[in-house]
Amino acid sequence: MRLAGLGYALALLLTLASWPAEGASPPTDRCAACHLETGDERLAGPAREFAGDIHAAKGLGCIACHGGDARESGLEAMDPAKGYIGKPKRQQILQVCGRCHSDAQFMKRYNPSLRVDQVTEYASSVHGRRLKELGDSKVATCASCHPAHSIRPPSDPKSSVHPLRVADTCGRCHADAKYMAGYKIPTDQLQKYKSSVHSQAMTVKGDLSAPTCNDCHGNHGAVPPGISWVGNVCGQCHTVMAELFKKSVHAKVFVEMGNPGCATCHENHAIKPASDEMLGLGDKAVCAACHGADDKGGKAATEMRARIDALRTAHDKAQAILLKAEHSGMEVSQASFDLNAASGALVKARTAVHAFSVDAVAKEAEPGLAVSGKAFARGVRALEELAFRRKGLVVSVVIILALIVGLVLKIRQVDRRQEGRDG
Ligand code: HEC
Ligand code: HEC
Ligand code: HEC
Ligand code: HEC
Ligand code: HEC
Ligand code: HEC
Ligand code: HEC
Ligand code: HEC
Ligand code: HEC
């Protein structure tokens, strides 16, 4: 076994050393040729799929992972003495991939910007730990998320780890109740995630910056750097909310209560679009789970909601009157532009909710209220002006009509006089 390992390492070293790094065509690969001819799908399938694999594109062949001698055309190609390891066992796959991917010197020849920490990160994940410590062979290994013979970079839309496909890749196990039956964790993450605002942003709006499973759980299972716990992960993107929350009264009490941070009010996987109904003590309000009308938190929640409602109403009223004026042909573009500041204030006030203090919300809402008030007043003036002009118009039309009637009568009179003289 040790000898075979040594032979494999040697063979690999020799072959790799003799291959130019980029864009090289693979050396005649007898492994694939014979496998395609066997007519056995288990043997031919991998050879066929491998044509689209990144390793094939980089000039690496079957022996990169399986060892052996690719120049031999007979079965002796698969001689353990030449480093052939056969089909790697689950526990072995880590070493097979890690031999190159943990070797910074080697990987640099191909792609200096590629990370080389996948194996270490994986080892610290629940998957890696269960594999090593418990010999649990049902957890994901490298080849579960990167299908052994059709591995593609994450940027390739056909890749199993492209942002649009990660959820299904994880869901293959995590959404399969039968496969996960022996474990005590739910199997609803995929379904819930697919209903979330994040999944919608990604699949419907095409916003690839929205998170999928690996953005929150880490590519290789270790949570992203600088974050001690996956529950803190939201702050990577929603930085302002996270800052406010951290300084708020809830940050401390939630830890004491054993509540997750953001997920207490937003959930982990089925995150819905936010709405003002979440605030206050109404049916859909998240605050009502812990606060009532009599405690300080409940009173504050109601007050915060009132401030936001007032701003939203004032903004909508101003917008409606300006639209009406505009449709009647009045020039109100400056006021409409100014009103944008009020929608900005509304966004800021909704964000400020995460400070969980009435003052913080009021501070953002007040300038918005002032702007809305001004814009509304401008709309009122525009409509008054319009009414005034309309009145003016009616008066001038009446005068003109009167003039025309007078003129017609005068002409007739002149005509009649003419007729009288002629007759
Ligand atoms: C002359 C044809 C031929 C050549 C050349 C050949 N193979 Fe095979 N290979 C087979 C056959 C037949 C089997 C199935 C026999 C068996 O299961 O032991 C097989 C099985 C395998 C398996 C599956 C082993 C398992 O444990 O299930 C792997 C992996 C493999 N070959 C890799 C390679 C590699 C790598 C090379 C080149 C270094 C290679 N083969 C060259 C015919 C060939
Ligand atoms: C990047 C590494 C890698 C390369 C390159 C690679 N394989 Fe594999 N191969 C694996 C791994 C890992 C497995 C085990 C997969 C598993 O357990 O699901 C495997 C399994 C196999 C099997 C067994 C399939 C089965 O279902 O039992 C065959 C046959 C095989 N490979 C042939 C090949 C051939 C032929 C090539 C070249 C055309 C090749 N492999 C290239 C990693 C690789
Ligand atoms: C013989 C060395 C070697 C082995 C063994 C190997 N790889 Fe690779 N792998 C490479 C090289 C070289 C690249 C190309 C890097 C580049 O140019 O971007 C690559 C690329 C990749 C990529 C795409 C990276 C990117 O973003 O470009 C993934 C994913 C990957 N390998 C996964 C695996 C997995 C999983 C295994 C084990 C089943 C494995 N590799 C085994 C050398 C190897
Ligand atoms: C639980 C699923 C999963 C497992 C297990 C896994 N990967 Fe990955 N891997 C991913 C995802 C998702 C990405 C895409 C990251 C991105 O979008 O940048 C990725 C990306 C990569 C890349 C591209 C560079 C990078 O780090 O982003 C390489 C190389 C790679 N994986 C190798 C491996 C190796 C080697 C193993 C085994 C130690 C492994 N992966 C295990 C899911 C997995
Ligand atoms: C091959 C099947 C498989 C795949 C694919 C897979 N997992 Fe897992 N995962 C498992 C198993 C089995 C466990 C162990 C369950 C347990 O912890 O009790 C696990 C555990 C986990 C845990 C720890 C759960 C806990 O709290 O105990 C997380 C988080 C996780 N997986 C996330 C992911 C993500 C994210 C992906 C995709 C990038 C993924 N998994 C892909 C099988 C898989
Ligand atoms: C927006 C961030 C986010 C996304 C996206 C996400 N998760 Fe989670 N996930 C979490 C948080 C937070 C927890 C709770 C972690 C904790 O308590 O330590 C969690 C818990 C889990 C657990 C543990 C069991 C459970 O349900 O509590 C598994 C397994 C898991 N997620 C898998 C997935 C899979 C698979 C996907 C993709 C379909 C996914 N997650 C997408 C944030 C996310
Ligand atoms: C990788 C970045 C990223 C991470 C991590 C992330 N989000 Fe998001 N989040 C987004 C993006 C992008 C949107 C979509 C904005 C849009 O287009 O509606 C979004 C939307 C939301 C919304 C809806 C906002 C609205 O306007 O209604 C909520 C609520 C939310 N995220 C909460 C969370 C929580 C809670 C977590 C952690 C469990 C989290 N997010 C993790 C990027 C992220
Ligand atoms: C105590 C409950 C609570 C906690 C904890 C909480 N939120 Fe919120 N969040 C809300 C409420 C209520 C709203 C709706 C405000 C509104 O629209 O009036 C909201 C709205 C949001 C929005 C949408 C804001 C917008 O512009 O419409 C995002 C994004 C968000 N939260 C992210 C987070 C993140 C990230 C965390 C953790 C750092 C977090 N929330 C923690 C209650 C909470
Ligand atoms: C998981 C339970 C929980 C939820 C949900 C929750 N709170 Fe709290 N909140 C607490 C606890 C516990 C305290 C500290 C004890 C107290 O003062 O009641 C607190 C304190 C507060 C305080 C400080 C009160 C004071 O003493 O000055 C405010 C303000 C507050 N919460 C607002 C809110 C708002 C607004 C929401 C909804 C967006 C909300 N809370 C949702 C548990 C919660």
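Around ligand 9, one clear polar contact comes from His291: an N or O atom in the side chain of His291 sits 2.8 Å from a nitrogen atom of the ligand. His250 does likewise, with a side-chain N or O atom placed 2.8 Å from a nitrogen atom of ligand 9. This is a predicted model, so these distances are computed from predicted coordinates. The two histidines are also listed among the closest neighbours of ligand 9, along with Cys287, Cys290 and Phe356, in a shell of 18 residues. Two helices, α16 (249-257) and α18 (296-327), each put two or more residues into that shell. As for its make-up, the shell around ligand 9 counts twelve nonpolar residues, five polar ones and one charged one.

Next comes ligand 8, with 20 residues around it. The closest of these are Cys262, Cys265, His266, Asp276 and His354. Three polar contacts can be described here. The side chain of His266 brings an N or O atom to 2.8 Å from a nitrogen atom of ligand 8. Asp276 works through its side chain too, where a polar atom lies 2.7 Å from an oxygen atom of the ligand. Ser275, by contrast, uses its backbone, with an N or O atom 3.5 Å from an oxygen atom of ligand 8. The helices that hand two or more residues to this shell are α15, α16 and α17 (263-266). Of the elements around ligand 8, α15 has the largest share, at three residues. Sorted by class, the shell around ligand 8 holds twelve nonpolar, six polar and two charged residues.

Helix α16 turns up in the shells of both ligand 9 and ligand 8, and its packing against α15 is worth a look. The axes of α15 (residues 239-247) and α16 approach to within 4 Å, crossing at roughly 70°. With that crossing angle, α15 is roughly perpendicular to α16. On the α15 side, the contact is made by Phe245, Lys246 and Lys247. On the α16 side, Val249, His250, Ala251 and Phe254 take part. His250 therefore has two roles in the picture, since a polar contact is a pair of N or O atoms within 3.5 Å and the side chain of His250 has such an atom 2.8 Å from a nitrogen of ligand 9. By class, the α15–α16 contact comprises four nonpolar residues, one polar residue and two charged residues.

Ligand 5 has a shell of 17 residues, and His127, Cys170, Cys173, His174 and Tyr183 come nearest. Two of these histidines make polar contacts. For His127, a side-chain N or O atom is 2.8 Å from a nitrogen atom of ligand 5. For His174, a polar side-chain atom lies 2.8 Å from a nitrogen atom of ligand 5. Helices α9 (126-134), α11 (166-174) and α14 (213-217) each supply at least two residues of this shell. The top contributor is α11, which gives four residues. The shell around ligand 5 splits into ten nonpolar, five polar and two charged residues.

Stepping back to the whole chain, the secondary structure amounts to 20 helices and zero strands. The radius of gyration is 36 Å, well over the 22 Å that the globule rule gives for 423 residues, so the chain is more spread out than a compact globule. Along the principal axes, the C-alpha trace spans about 135 × 75 × 40 Å.

How values were computed. Residues are numbered from 1 along each chain as its sequence is written. Chains are lettered from A and ligands numbered from 1 in the order in which they are written. This is a predicted model: local features need pLDDT of at least 70, side-chain atom pairs count only at pLDDT 80 or more; totals for chains, interfaces and linings use all residues. Side-chain values use heavy atoms; hydrogens and water are left out. A residue is near a molecule or strand if one of its heavy atoms lies within 4 Å of it. A polar contact is a pair of N or O atoms within 3.5 Å; within protein, one must be able to donate a hydrogen and the other to accept it, and residues adjacent in sequence count only if both atoms are side-chain atoms. Ala, Val, Leu, Ile, Met, Phe, Trp, Tyr, Cys and Pro count as nonpolar, Asp, Glu, Lys and Arg as charged, and the others, Gly among them, as polar. Axes are lines fitted to C-alpha atoms, for helices over the stretch in contact, and angles run from 0 to 180 degrees between N-to-C directions. Angles under 35 degrees count as roughly parallel, over 145 as roughly antiparallel, 65 to 115 as roughly perpendicular and the rest as oblique. Contact means heavy atoms within 4.5 Å. The radius of gyration is taken over C-alpha atoms; the globule rule is 2.2 Å times the number of residues to the power 0.38.
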